[in-house]
Amino acid sequence: MSNQGSIELLSATLAKAKSEDRAALVAYLPAGFPTVDGAIEAAKAIIAGGADVVEIGLPHSDPVLDGAVIQTADDIALRGGVKIADVLRTVRETFEATGVPILVMTYWNPIDRYGVERFTAELAAAGGAGCILPDLPVQESALWREHAAEHGLATVFVVAPSSRDERLATITAAGSGFVYAASLMGVTGTRESVGNEAQELVRRTRTTTELPVCVGLGVSNAVQAKQVAGFADGVIVGSAFVKLLLDAPDEQAGLAAVRALAGELAEGVRRS
């Protein structure tokens, strides 16, 4: 592989899903959980089941945006001593084994400490497609975006139902790859209204950008995946996979479970 990241691969993957009249299935897993090797095997199993794109989480001691399930997994990974080098190895080995676009989802602080130039260069060298940066304010992102662009990496920003239209336009203009539309399940009332809120957020976001809009809103089964696929370009699933791994009696059972769920979700996003 060249020393360039694969934003082109990410864009091509999302465009291919669109050409097949379906949403892309985007899966999330934290690096280092249950172990570094275990996370790599789990990512490969999810891709074998049908995921189009994988996000590898960089475990952080203060995961302000993550729910209890992912916090528990992050805690296990951090107690196991996971480091940024392990996150990059997870990206590299998963990408080399599958050829699927792999992103890193991370809070800003670990990258800032590691060094922006070093991190972008190493992520690109590992074959990474880019980063999702949920807590990096757009107005403070110029240095990151300059290095990411230089290395062919996508910069994915997160929008939320609370984002005003003017702010949405600022965020989507700065981002690349896709827009991550976050609509938190169970926080804003009933499931039905959350679905409507997510749909409205996608509609508003699309008025500001040509980028694909992928939705993460606590989707955990094929029925919900189908619902979101009806209005979004991609369906992002994380906690449901992590919970299966947490609940599994052993590693093989966990791998079989996440592969099966990915298969069900892959059917769901196909809108047939």
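Biologist: What is the order of the strands in the open sheet, and how many strands does the sheet have?

Modeller: The open sheet has nine strands in the order β5-β4-β3-β2-β1-β9-β8-β7-β6, with parallel pairing. Strands here are DSSP runs of E with at least two residues, helices are runs of H or I with at least four residues, and both are numbered from the N terminus. Please keep in mind that this is a predicted model, in which local features need pLDDT of at least 70 and side-chain atom pairs count only at pLDDT 80 or more, while totals for chains, interfaces and linings use all residues. Residues are numbered from 1 along each chain as its sequence is written, and side-chain values use heavy atoms, with hydrogens and water left out.

Biologist: What makes β5 and β6 edge strands?

Modeller: Two strands pair if DSSP finds at least two bridges between them, and β5 (154-156) and β6 (158-159) each pair on one side only, so they are the edge strands. Strand β4 (residues 130-132) is joined to β5 by three bridges, and the two run parallel; in β5, T155 is the bridge partner of C131.

Biologist: Why does C131 form no disulfide with C214?

Modeller: A disulfide is a pair of cysteine sulfur atoms within 2.5 Å, whereas the closest cysteine sulfur to that of C131 is in C214, 16 Å away, which is too far for a bond. The structure accordingly holds zero disulfides.

Biologist: Why is C131 called buried?

Modeller: Buried means under 20% relative accessible area, exposed means over 50%, and partly exposed lies in between, using a 1.4 Å probe and protein chains only. C131 has 0% relative accessibility and therefore counts as buried, and C214, also with a relative accessible area of 0%, is buried as well.

Biologist: How do you know that the span of helix α3 agrees with its number of residues?

Modeller: The expected span is 1.5 Å times one less than the number of residues, so the twelve residues of α3 (residues 68-79) should span 16 Å, and the end C-alpha atoms are indeed 16 Å apart. In this helix I70, A73, D74 and A77 are buried. They cover an arc of only 100° around the axis, the arc being that of the directions from the helix axis to the C-beta atoms, which puts them on the same side of α3. The face turned away from that buried side carries the exposed residues A68 and R79.

Biologist: Which residues of helix α8 are buried, and why are they said to line one face?

Modeller: In α8 (residues 165-174) the buried residues are L168, I171, T172 and A174. Seen down the axis, they fall within an arc of 160°, so they line one face of the helix.
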